[in-house]
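This briefing is intended for a reader meeting the structure for the first time. It covers helix packing, enclosed and open spaces, and selected features of the backbone.

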Amino acid sequence: MSRAKWEEACEYLPGGDSRNSIFWKPYPVFITDASGSRVMDADGVQRIDFINTMTTMILGHGPAPVINAVRRQLDKGLGYNAPNERQVDLARILCDRVPSFDLVRFTNSGTEATLNTLRAARAFTGKTRFAKVEGGYHGTHDGVTVSVRVDPSLAGDPDNPVPVPASAGLVPGVTDQVTVIPFNDSATALRILEDNACDLAAIIVEPVMGSVGMVPAQPEYLTMLRDFATANNTVLIFDEVISFRVAPGGSQEFYGVTPDMTALGKIIGGGLPVGAFGGRRDIMELYDPSPSGGPVVSHAGTFNANPLTMLAGSVAMEQLTSDVYRNLAALTEELKQGLREICSTLEVPVQVTGLGSLFGIHFCDHPVNNYRDIASGNHELRDRMFLGLLNEGILMASNLVGATSTATTEDDIEAFLKAFRTALERNV
Ligand SMILES: Cc1ncc(COP(=O)(O)O)c(C=O)c1O
């Protein structure tokens, strides 16, 4: 059934879908239903969801408080051509929680959020170039579509990575705007940053490298970036679209390092499309349209801060107490430990990375600290394990990154470990 649906989809959509990131060979399954920790596919096969819409559904699928609130809002209208109170509620919640947020603006995606952090940084500093981490994913706008899932053979020496376009069709010269630094190698990154200090409007970094592998930053790396940015009139941007899952105030609270600007997305919309960017008052005020000359930085969007998303986000955030984060981290730690034990018993080299409710499985015998470490793993085994787990009733991202939710149970963890052992025994 999924195959037939995919073949039909390919008649209308290139590759049968609108998100390249969720394609896998031979063809992806179509999901028809989701509830709690489970998703059902078009063939009637139920699986336990261990990716939760690329980490978004931190409360699982269909959490009652969010769904009930959304139902109530449906009767009051989906959007208006005037401000709504729902966005003020979510703005207040976020400004109370996120250490770097004096002011916040909403968007419809993490892509728009990171785009705005970089635009604001350029406007604020008067400089144009920015530094990004090799392998870091920050959405789909041109500026950040550089050195993402890069082929290491094209990316230069690890100590001197060169910017590599991650797509055809980017604006000419886009790579000239980017300085690439390695993750978790403070000495090398600092040398590269210092060589480019005069030009750098911003440094953008994920405190936990997300979609490419769930690799947490070493604390001293973030401190080094903070110190460099402060000393060089460079705006430090944390992309917490994924890593906001780590603590009530995001990874910046966990690490105790406060950036100048932060991009958010995913969990803050309660499952509806969302993004947000915020930070220091003196930077965010560039967006204020009320001064006589108008706003310094342009920002619009028909669906920005629509009341449905804002309400879903507020209700979701209210569910996410400190205890919830602690419990999610403990449950995920159990899973990570179980995976390591199975691999040790079967003598399969593995590194299980992650922080809080985020985790990544890497089949390699060297520690995983950055993108090059991920790229040199056993990808053939990874691909076979993804399909193996799928066949055993577990859904992850195809590069074996995952995230638990409050709907994940101890039984789900046990089922994952059983499925993992079965699939691994079959593949080694
Ligand atoms: C770290 C990070 N930044 C930005 C984005 C882009 O967010 P969106 O897909 O909502 O545009 C993503 C999406 O996965 C992400 O993981």
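In this predicted model, helix α11, which spans residues 322-345, packs against α14 at an angle of about 20°, and the two axes are 10 Å apart. Angles under 35 degrees count as roughly parallel, and α11 and α14 are therefore roughly parallel to each other. The crossing in which α11 passes α14 is right-handed.

**Other helix pairs**

- Two packed helices are described by the angle between their axes and the distance between the axes.
- Helix α14, formed by residues 410-427, also has a packing relation with helix α13, formed by residues 379-391: their axes come within 9 Å and cross at roughly 130°.
- An angle of roughly 130° falls in none of the ranges for roughly parallel, roughly antiparallel or roughly perpendicular, and α13 and α14 are therefore oblique to each other.
- The handedness of the crossing between α13 and α14 is right-handed.
- Helix α3 (residues 64-74) packs with helix α10 (residues 307-319) at an angle of about 155°, and their axes lie 9 Å apart.
- Angles over 145 degrees count as roughly antiparallel, so α3 and α10 are described as roughly antiparallel to each other.
- A right-handed crossing is likewise found for α3 and α10.

**The enclosed cavity**

- How many cavities of 30 Å³ or more does a search of the whole structure find? The search finds 1.
- The volume of the largest cavity is about 50 Å³.
- Its lining is formed by Thr56, Met57, Ile58, Leu59, Gly60, Pro63, Ile267, Gly270, Gly271 and Ala316.
- By class, the lining of the largest cavity comprises 6 nonpolar residues and 4 polar residues, with no charged residues.
- Where does the largest cavity lie with respect to domain 1 and domain 2? Residues of the lining come from both domain 1 (2-58 + 321-427) and domain 2 (64-319), so the largest cavity lies between them.

**The second largest pocket**

- The second largest pocket holds about 590 Å³ of space.
- A total of 27 residues line the second largest pocket, and those that lie nearest its centre are Pro83, Gln87, Gly301, Asn304 and Ala305.
- Two or more lining residues of this pocket are given by each of the elements α4 (85-97) and β4 (103-107).
- The lining of the second largest pocket divides by class into 16 nonpolar, 10 polar and 1 charged residues.

**Backbone features**

- The peptide bond that joins Lys25 and Pro26 is cis, with omega of about 5°.
- Pro26 is located in the loop between α1 (2-9) and β1 (31-35).
- Met54 is not a glycine, yet this residue has a positive phi of about 45°.
- Which helix contains Met54? Met54 lies in helix α2, which covers residues 52-55.

Conventions: Residues numbered from 1 in each chain as written. Predicted model: local features only at pLDDT ≥ 70, side-chain atom pairs only at ≥ 80, totals over all residues. Heavy atoms only, no water. 1 Å grid on protein atoms, 1.4 Å probe; cavity = no way out; pocket = protein on both sides within 12 Å on 5 of 7 lines; lining within 4 Å. Points joined across faces, edges and corners; volume = space filled by probe spheres on them. Nonpolar A, V, L, I, M, F, W, Y, C, P; charged D, E, K, R; others polar. Domains from an automatic or database assignment. Axes fitted to C-alpha atoms, helices over the stretch in contact; angles between N-to-C directions. Helix = DSSP H or I, 4+ residues; strand = E, 2+ residues; numbered from the N terminus. Parallel < 35°, antiparallel > 145°, perpendicular 65-115°, else oblique. Left-handed = near helix turned anticlockwise from the far one by under 90°.
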